[in-house]
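Reader: I'm new to this one, so could you walk me through it by question and answer? Let's look at it together.

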Amino acid sequence: MDNLAFYTTFAPVFLSGLVVGASAAYILFRRKNRVTEDVLSEYHEENFEFPDPGDECRLVMCIRNDLKMQKGKVAAQCGHAAVAAHVMCQTMSNSLMPQLANEILKQVEIQYETDQKFSDESLRTLHSFYGEVLVRALDLMEDGKFSLYQTPKGLRKLQTVKGKTEEYSFFTNINYCPCPAEMDVLFWAELTDIKTVHSVLKAINFKEYASIRIMDEGLKVTIEEMKCVQTSTYIPSNVFSRYEVQSKDEEVATFRISLKVLTECLNIFGDDGGPSLKLIYKHEGAPLSLVLTHSEENITADCEIRTLEAEELAELSLADECTLNNIVVNANQFVSLLTELDSSSDIFELLTSSEEPYFRISSIGNTAEYQMDISKNSDMVVIFRCTTICSSQYKFAYIKQLIKVMQLANKVSISTGENGLLGLQLIINTENDKQMYVEYYVTALLTDDD
């Protein structure tokens with residue numbers, strides 16, 4: 001009876017509670033799933049719809065729970081993915097920005113021709129590409145005075161724009177806009193004072209053509225004569241006020257150019273004006289563009305020099321080729337000694353030794369021979385590192401042609417190598433307290449073993 005009374009009293013209450021609990025759990029479960037689906041739908045819509053191309057993009061990472069990776073492993077994999085995505089975006093940006101900019105400019109041009117005004121949407125899109133450059137351009141449009149100059153047949157055109165305080169010149173065949181959207185060029189450099197660079201290139205103008213090598217660390221201008229003489233001028237990137245290359249390779253481009261034409265272009269304003277220089281090389285086979293601006297007058301010269309395919313040159317290095325003896329001397333004093341030798345002589349002889357006479361230069365002609373001995377303790381000698389006796393003869397004409405550029409140098413490093421190879425390195429200070437270098441290699445006529 002007692003058991004019957006228990007089931008009769010408590011069973012209905014227990015069953016009622018069980019039904020209520022199950023119903024509540026089911027309602028809460030459905031509500032939770034619905035909230036999660038709503039949040040996910042809003043999340044996907046927010047991250048994958050960008051009506052304004054100027055909006056930032058967001059990186060979404062999906063992690064598979066079934067792989068059961070630990071937290072450290074998940075963090076590492078997400079880090080690799082983020083870095084890879086960043087590198088990919090940078091690569092795509094560098095290659096696509098110019099094309100996108102051109103397409104947008106075409107669309108804006110069509111819209112302007114139709115409506116005779118810029119729409120707000122067009123201005124926002126242009127600003128996302130050009131930034132503050134667009135703001136300055138719009139100011140010029142409102143307040144500037146435009147003038148167009150061209151030759152009778154229209155082969156050359158020049159447009160000038162005068163603002164309140166500045167005047168700009170635009171050329172139809174060259175674009176040097178600093179906007180990232182227009183940087184579709186291999187090489188871009190700016191030099192505020194070209195006096196030293198022009199003087200050095202003019203002094204080494206022994207041959208008609210020179211090879212120019214564009215590298216990450218700077219420019220190298222090389223001329224070679226009959227595989228007997230090689231002259232290389234190094235202009236490090238820090239000499240330039242701006243130096244940019246759009247390539248991941250150490251050597252960006254190599255081409256030949258008329259050295260005479262290059263030096264004439266650099267001297268287009270003569271000795272006055274102290275012009276600044278912009279160098280632009282767009283792609284392989286393109287001309288080398290030079291834009292020179294007079295420092296005092298509002299004059300800009302635009303030059304293009306045809307480039308040719310580079311010839312194969314011998315790869316020489318002082319550190320590898322000239323390792324026997326090395327002497328560093330004051331450039332001006334060394335030039336004075338060279339000019340005292342007999343200029344009509346055909347042969348120049350150089351002797352370096354760890355013992356007396358230490359350092360001897362001689363000129364040998366048909367009728368006379370002149371020689372000068374320099375002590376290792378001479379005021380002219382800065383560094384003396386000689387471990388053996390080395391004596392070789394060279395064509396004096398090859399040595400004399402370097403005197404002009406030696407007059408621009410501060411120091412001359414003289415190194416000798418096996419088989420009599422002579423290497424001279426000239427250290428030249430520029431106007432901005434930087435250094436550029438000239439390396440000169442000459443093969444010997446005779447050696448001690450001959």
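**Two open sheets**

Author: Let's start here: in this predicted model, an open, antiparallel sheet is built from 4 strands, ordered 17-16-15-19.

Reader: Why is one side of strand 17 and of strand 19 left without a neighbour in that sheet?

Author: Strand 17 (369-374) and strand 19 (390-395) stand at the edges of the sheet. One side of each is left without a neighbour because each has a single partner strand.

Reader: Which residue of strand 17 is the bridge partner of S363?

Author: Strand 16 (residues 359-364) pairs with strand 17 in the antiparallel sense, over 6 bridges. Within strand 17, the partner of S363 is Y370.

Reader: At about what angle does helix 8 run to strand 16?

Author: Helix 8 (residues 331-340) lies across strand 15 (347-352), strand 16 and strand 17. Its angle to strand 16 is about 30 degrees.

Reader: On to the other sheet: which strands are at its edges?

Author: That open sheet has 5 strands in the order 8-4-10-11-12, paired antiparallel. An edge strand pairs on one side only, and here those are strand 8 (242-245) and strand 12 (300-305).

Reader: And in strand 8, what is the bridge partner of E190?

Author: Strand 4 (residues 187-191) runs antiparallel to strand 8, and 4 bridges join them. In strand 8, E190 has as its bridge partner R242.

Reader: Which helix packs on this sheet?

Author: Look for the one touching strand 10 (276-281), strand 11 (288-293) and strand 12. Its direction makes about 20 degrees with that of strand 11, and this is helix 6 (residues 259-266).

Notes:
Residues are numbered from 1 along each chain as its sequence is written. This is a predicted model: local features need pLDDT of at least 70, side-chain atom pairs count only at pLDDT 80 or more; totals for chains, interfaces and linings use all residues. Side-chain values use heavy atoms; hydrogens and water are left out. Two strands pair if DSSP finds at least two bridges between them. Helices (H or I, at least four residues) and strands (E, at least two) are DSSP runs, numbered from the N terminus. Contact means heavy atoms within 4.5 Å. Axes are lines fitted to C-alpha atoms, for helices over the stretch in contact, and angles run from 0 to 180 degrees between N-to-C directions.
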